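Reader: I would like to go through the labels used for this model and set each one against its cut-off. Please show the sequence and structure first.

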Amino acid sequence: MATQGAEVLVASNRGPVSYTVGPDGELGSRRGGGGLVSGLSAIGPDTDAVWVCAALGDGDREAVRRADGGLLPAEDTGGQRVRMLDIDAEVYADAYNGIANSALWFVHHMMYQTPLEPVFDAEFRRQWDAYRAYNQAFAQALAEEAGQGAAVLIQDYHLALAPRMLRKLRPDLRIGHFSHTPWAPPDYFRLLPDDIAAELLTGILGADRAAFLTRRWADAFTDCCHAVLGPGIPSGTEIGVHGLGADAEFLRERAHRADVDERMAALREQIGEGRRSIVRVDRTELSKNIVRGLLAYRRLLEDHPEWRERVVHVAFAYPSRQDLALYRSYMDEVRRVAEEINSEYGTPGWTPVLLHLDDDFARSLAAYRLADVALVNPIRDGMNLVAKEVPVVSDEGVALVLSREAGAYEELAEHAITVNPYDVVGTAEALHEALTLPDPARAERSKHLSDAATALPPTKWFLDQLNALRG
């Protein structure tokens with residue numbers, strides 16, 4: 001058993017840095033952002049911390065090969081100690097694409113077309129073995145890096161088995177698991193084979209604490225434990241809820257840099273003088289419901305012709321999981337519906353839908369600032385930070401049209417206009433209501449939304465989990 005090592009450890013599929021190999025063989029590094037990066041920085045430089053993550057591409061794998069003892073250079077990682085795992089590429093693909101993204105994601109977001117899928121056959125079982133091996137690699141690395149009694153925060157559905165595996169290797173550790181997705185209700189969760197459903201639950205129950213973004217997802221997990229494993233939480237695992245809010249300080253500073261101002265000017269020109277804007281910013285992820293959002297906008301133009309030439313739908317749909325055929329075909333459908341709307345309703349001086357498919361954070365912030373209406377209509381979402389970020393950086397106040405199936409609904413519902421994400425006609429009427437809100441009412445709603453959105457910034461979200469685990 002280790003007697004020296006890190007006091008705090010984080011484990012996640014994606015780490016805080018990624019690498020590319022240049023033509024000359026030189027490694028280039030790029031630091032990422034997000035709640036975990038902000039949160040881990042809050043513990044201060046005096047705390048010995050390690051982040052364990054997977055190598056995601058050839059550049060990452062080359063960095064691991066060159067790394068000293070598996071730990072990446074501190075100058076690449078913002079001073080954090082990062083151990084990146086070079087897991088066999090085929091094992092990683094089976095675990096990440098075959099199980100995590102093609103099975104567990106679909107279960108928790110309730111997105112299967114059940115007449116045809118899922119099919120849990122021999123190939124699924126082979127991939128499940130890879131998922132086990134992937135989790136075991138993380139558990140082994142955490143066991144090696146952790147000091148006596150250290151706190152370990154394991155992240156998300158990619159690593160649902162790791163808490164139990166790590167518990168067997170290091171019973172002295174304080175282990176937490178956090179789910180960033182929704183959790184499926186028992187009837188849907190039990191689409192999974194019984195033994196695998198039980199293995200997932202007992203994997204997470206290997207933690208001292210299992211935490212979720214909302215009370216709804218936490219209760220669903222508990223209900224699944226009772227349905228699959230029997231009454232009670234047999235391990236004594238504590239169930240926690242920690243909502244993740246927007247990082248207001250970072251967003252407001254970043255949203256007023258010169259590159260954002262430039263993109264705002266370009267967007268205003270594209271939208272046209274005096275027109276309203278309906279903004280959405282998403283990854284092209286199946287759960288984000290982009291196609292129904294476009295259909296609702298088309299219904300708005302059909303049912304309320306007074307908005308023709310007076311409003312533009314600014315839709316940013318950034319690529320996601322394009323190595324999966326289903327995601328590529330979904331992006332094609334987004335593009336097709338947008339082009340159809342522009343062809344049907346567009347005029348020489350008005351393009352109804354401005355669709356951008358290339359990722360540009362500065363342009364997203366520009367759209368946040370000028371949005372009159374923000375459309376956030378996911379089929380199901382663990383939280384959805386876009387719903388929280390837009391009100392925080394809005395210049396004039398924004399009306400939020402929000403799906404009741406987003407985790408953010410739990411905190412923002414009072415001042416948002418709520419929609420059923422499947423109801424295209426209802427969403428069109430919600431857009432009309434949002435567009436017709438008087439400016440003072442919109443500004444007042446936006447202020448309340450911003451206050452709620454920033455109540456739990458990433459640093460507090462992370463420290464609350466850490467303190468609860470240590471407590």
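Reader: Why is Cys 225 not counted as bonded to the closest cysteine sulfur?

Author: A disulfide is a pair of cysteine sulfur atoms within 2.5 Å. The closest cysteine sulfur to that of Cys 225 belongs to Cys 224 and is 7.1 Å away, so the two are too far apart for a bond. By this rule the count is zero disulfides. This is a predicted model, in which local features need pLDDT of at least 70 and side-chain atom pairs count only at pLDDT 80 or more, while totals for chains, interfaces and linings use all residues. Residues are numbered from 1 along each chain as its sequence is written, and side-chain values use heavy atoms, with hydrogens and water left out.

Reader: Why is Cys 225 called buried?

Author: Buried means under 20% relative accessible area, exposed means over 50%, and partly exposed is in between (1.4 Å probe, protein chains only). Cys 225 has a relative accessible area of 0%, so it is buried. Cys 53 is also at 0% and is therefore buried.

Reader: What makes helix H7 largely enclosed by the rest of the structure?

Author: Helices (H or I, at least four residues) and strands (E, at least two) are DSSP runs, numbered from the N terminus. H7 covers residues 194–204, and eight of its eleven residues are buried, so the label follows. Among them are Ile 196, Glu 199 and Leu 200.

Reader: How do you know that Asp 86 and Arg 61 form a salt bridge?

Author: A salt bridge is a side-chain nitrogen of Lys or Arg within 4 Å of a carboxyl oxygen of Asp or Glu. The closest N and O atoms of Asp 86 and Arg 61 are 3.3 Å apart, and the pair forms a salt bridge. Asp 86 is in the loop between strand E5 and helix H3, and Arg 61 is in helix H2, so the contact ties together parts 25 residues apart in sequence.

Reader: Which of these two residues is buried, and what is the other called?

Author: Arg 61 is at 12% relative accessibility, so it counts as buried. Asp 86 is at 36%, so it counts as partly exposed.

Reader: What separates Arg 215 and Asp 219 along helix H8?

Author: They are four residues apart in H8, so about one helical turn separates them. Their salt bridge has its closest N and O atoms 3.5 Å apart. Arg 215, at 40% relative accessibility, counts as partly exposed, and Asp 219, at 36%, is partly exposed.
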